[in-house]
Amino acid sequence: MLLDSLPPTTIIPLVHNTSGVYIGIDAISGASIYWDVELSLTPHVLVIGPSGSGKSVTLSSLVNRFVKLYNANAFIFDIKDEYRDLLSIYRNNGLTFLNPLEEPLPLCYCDDTSPKKLEMINTVVNSVSSVYPLSTQSKKYLIRTLADICTRCLSIDSDWHYGLEVYDKELNRAIDTLSTLFNVYPSRHNVNHKILDMLTVKKREISIINLKHLFIRDRTKSVATVIHILNYLLSTLSTSSTSIPNSVVVIDELWHVIPFIGDELVNMLARYSRGLGLALFMATQGIDDLYPYIDTIVNSSGVFIAMSTPSMSYWQRLQQYLNLTKKAIDYIMNISGQGIAVTRVSPCKTPIVLYIDPLDNW
Ligand SMILES: Nc1ncnc2c1ncn2[C@@H]1O[C@H](COP(=O)(O)OP(=O)(O)OP(=O)(O)O)[C@@H](O)[C@H]1O
Ligand SMILES: [Mg+2]
């Protein structure tokens, strides 16, 4: 049921598809609502809503259905260690877990060629310099030191300050982050298959990157991990000829990465989605968390879901993005509850009121 045509008198014909990713139930007509990614303007999803409104439940059910239906693989950045449980109602297998505090990410592989090692080191240094403002000199120092560590195949923190005091605060933080998150592996083939497997495209797999403890200890390190895995993932994607993405990246609690990767995120939303087959599923509490990219992110989302709340100011803030009339706001405020949401599903431009159905009944 279209919001603008409230109150309902008869059940109107569905303007939405009956194939694609099942999202939920039209709160008024009871019809099942689907998102057909092939018909959607973009393959991205944005969920907004206050704490407890159902954002993570929504993302987990959508990503699970997307992976199954479109034979994709997914990467979930999980700062609350909740997706293992959320997804356990759907699947017992097809889930891979990674905690970079327990299994550090690869800085380099000793048996790789020097140019390949240097390429990996550069990616790592780019990732940390996205979160710490490093001078050119500091970056050069990092690259030189890391190259030495990789050439000699040493554990990353065995040799850091050898003969050298580092007085630069940001450089020190970058070094600390590198020592916490990365290490050197003797070979691509005999260690840490999990990381490689995860990043090498596998069909219908969901990888959960558990960032909870890292996030609690140091948010910036958690962001550096997100950035690095994204960078690495982008470097493994090849040109996609289909309009259906084969990789989905889930960034829940988007607010914590926006200040560091806003520009890159906009690039990913706009450029990599079709060309490299990448879809971003994002969630955050308020639309203003997306500042200064609000319009770009909202307009780049094929599915835009605003979870319900009885708060007038919340809906007034969202009014312009969902084209809500005063009557529609009154209605949604009255029926608000967990899982109820105003949802715009591309290619349809008009939002509808849905119950986001976490149970697979399709
Ligand atoms: N579609 C739904 N149907 C029924 N219950 C739901 C639905 N979505 C969420 N809930 C209930 O609400 C609880 C909170 O949901 P969820 O963790 O997804 O909220 P959230 O918006 O992600 O909150 P936070 O911002 O704190 O992470 C769930 O544990 C579940 O009990
Ligand atoms: Mg959540």
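Helices and strands are here DSSP runs, of at least four residues (H or I) for a helix and at least two (E) for a strand, and they are numbered from the N terminus. In these terms Pro347 is found in the loop between β12 (340–345) and β13 (352–356), and the peptide bond that leads into Pro347 from Ser346 is cis, with omega near 10 degrees. The structure is a predicted model, and every value below should be read in that light.

**Overall make-up**

The secondary structure of the protein chain amounts to twelve helices and 13 strands, and 43% of its 362 residues count as buried. Among contacts between residues at least 6 apart in sequence, 76% join residues that are at least 24 apart.

**The nonpolar core**

The largest nonpolar core has 104 residues, and those touching the most other members are Val63, Ile76, Leu107, Val248, Val250 and Phe281. Because domain 1 (3–101 + 205–356) and domain 2 (110–184) both give residues to this core, it lies between them. When its neighbours within four places in sequence are left aside, Val248 is in contact with Val63, Phe66, Val67, Ala72, Ala74, Ala279 and Phe281.

**A helix pair and a buried alanine**

Helix α5 (residues 169–181) packs against helix α8 (residues 219–236) at an angle of about 65 degrees, their axes being 11 Å apart, and the crossing is right-handed. On the α5 side the contact is made by Thr177, Thr180 and Leu181, which meet Lys221, Ala224 and Thr225 in α8; the residues of this contact divide into two nonpolar, three polar and one charged.

Elsewhere, Ala328 lies in helix α12 (residues 326–335) and counts as buried because it has 21 C-beta neighbours inside 10 Å, where the cut-off is 20 or more. The C-alpha atoms of Ala328 and Val353 are 9.4 Å apart, although 25 residues separate the two along the chain.

**Backbone features in loops**

The second cis peptide bond to be described runs from Tyr291 to Pro292, with omega near 5 degrees, and Pro292 lies in the loop between β10 (278–284) and α10 (294–299). Positive phi values in residues other than glycine are set out in the table.

| Residue | Phi | Loop | Other C-beta atoms within 10 Å |
|---|---|---|---|
| Cys153 | near 55 degrees | between α4 (136–152) and α5 | 14 |
| Glu253 | about 55 degrees | between β9 (247–251) and α9 (258–275) | 20 |

With these counts, Cys153 is partly exposed, whereas Glu253 is buried.

Note on methods:
Residues numbered from 1 in each chain as written. Chains lettered and ligands numbered in written order. Predicted model: local features only at pLDDT ≥ 70, side-chain atom pairs only at ≥ 80, totals over all residues. Core = buried A, V, L, I, M, F, W, Y, C linked by C-beta atoms within 7 Å. Buried ≥ 20, exposed ≤ 12 C-beta atoms within 10 Å, placed from the backbone. Domains from an automatic or database assignment. Contact = placed C-beta atoms within 7 Å. Axes fitted to C-alpha atoms, helices over the stretch in contact; angles between N-to-C directions. Left-handed = near helix turned anticlockwise from the far one by under 90°. Nonpolar A, V, L, I, M, F, W, Y, C, P; charged D, E, K, R; others polar.
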